[in-house]
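Here are some short exercises to work through with the model open beside you. Try each task before reading its solution.

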Amino acid sequence: MASTALKIINKTWSSVSEYLSVPHDEESYKRLVAVLDELIDEVGNDESHPEAALMETIGLLISEYEDRNHPVKEAEPFEVLQYLMEEHGIKQADLKEIGSQGVVSEILCGKRSLNVRQIKLLAKRFNTSPAVFI
């Protein structure tokens with residue numbers, strides 16, 4: 001015989017299961033991401049909010065799907081820089097603060113490593129952690 005908790009869950013499961021199950025396809029993943037976005041808007045950083053635990057649970061379900069279906073590839077610092085430049089529509093000539101166009105070209109080809117000064121400048125410019133360039 002099912003416990004009281006299981007009886008309650010069984011009564012409501014069909015109406016909430018699509019939001020409280022690990023997504024197995026892109027459609028259910030996107031649905032959960034949309035719900036999480038709404039919860040973030042509602043809950044914010046208020047850990048005492050009644051829906052904070054729900055937000056955390058949905059975040060973990062999304063994370064499980066992403067880990068399985070969209071693994072993050074380790075990237076070299078120059079690859080990160082190339083990506084950020086493309087995303088921000090920046091050309092080599094726009095990075096004068098890290099060196100001459102020749103220096104920038106060598107960095108982007110992986111022939112030259114970024115130094116600490118350049119990493120700090122790039123992190124500030126792209127509003128990211130310096131760790132992405134290490």
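**Exercise 1. Around V43**

Leaving aside its neighbours within four places in sequence, which residues is V43 in contact with?

*Solution.* Before starting, note that this is a predicted model, in which local features need pLDDT of at least 70 and side-chain atom pairs count only at pLDDT 80 or more, while totals for chains, interfaces and linings use all residues. Residues are numbered from 1 along each chain as its sequence is written, and side-chain values use heavy atoms, with hydrogens and water left out.

- Step 1: take contact to mean heavy atoms within 4.5 Å.
- Step 2: find V43 in helix α2, residues 26-43; helices here are DSSP runs of H or I with at least four residues, numbered from the N terminus.
- Step 3: list the partners of V43, which are H49, E51, A52 and M55.
- Step 4: check the accessibility of V43, which is buried at 5% relative accessible area. Buried means under 20%, exposed over 50% and partly exposed in between, using a 1.4 Å probe and protein chains only.

**Exercise 2. The two sides of α6**

Work out which residues of α6 are buried, and where they lie around the helix.

*Solution.*

- Step 1: pick out the buried residues of α6: Q118, I119, L122, A123 and F126.
- Step 2: look down the axis of α6; these residues fall within an arc of 130 degrees, so they line one face. The arc is taken from the directions that run from the helix axis to the C-beta atoms.
- Step 3: turn to the face pointing away from the buried side, where the exposed residues V116, K120 and K124 sit.
- Step 4: ask what covers the buried residues of α6; the cover includes α4 and α5.

**Exercise 3. The largest nonpolar core**

Find which elements give two or more residues to the largest nonpolar core.

*Solution.*

- Step 1: define the core as a set of buried Ala, Val, Leu, Ile, Met, Phe, Trp, Tyr and Cys residues joined through side-chain atoms within 4.5 Å.
- Step 2: the largest such core has 16 residues, and those with the most contacts inside it are L81, M85, L95, L122, F126 and F133.
- Step 3: the elements giving two or more residues to this core are α4, α5 and α6.
- Step 4: a second, separate core has 11 residues, including L39, A52, I58 and I62.

**Exercise 4. An aromatic pair**

Decide whether the rings of Y29 and Y65 are stacked or edge-to-face.

*Solution.*

- Step 1: rings of Phe, Tyr and Trp (its six-membered ring) pair if their centres lie within 6.5 Å; planes under 30 degrees apart are stacked, over 60 edge-to-face and the rest tilted.
- Step 2: this rule gives 1 aromatic pair. The centres of the Y29 and Y65 rings are 4.7 Å apart and their planes are at 25 degrees, so the pair is stacked.
- Step 3: Y29 belongs to helix α2 and Y65 to helix α3 (residues 52-69), 36 residues apart.
- Step 4: both Y29 and Y65 are buried.

**Exercise 5. Charges that share a partner**

Trace the salt bridges that join E18, E27 and R31.

*Solution.*

- Step 1: a salt bridge needs a side-chain nitrogen of Lys or Arg within 4 Å of a carboxyl oxygen of Asp or Glu.
- Step 2: E18 and R31 form one, at 3.0 Å from N to O. E18 lies in the loop between α1 (4-16) and α2.
- Step 3: E27 and R31 form another, at 3.9 Å. These two are 4 residues apart in helix α2, about one helical turn.
- Step 4: sharing partners, the salt bridges join E18, E27 and R31 into one network.
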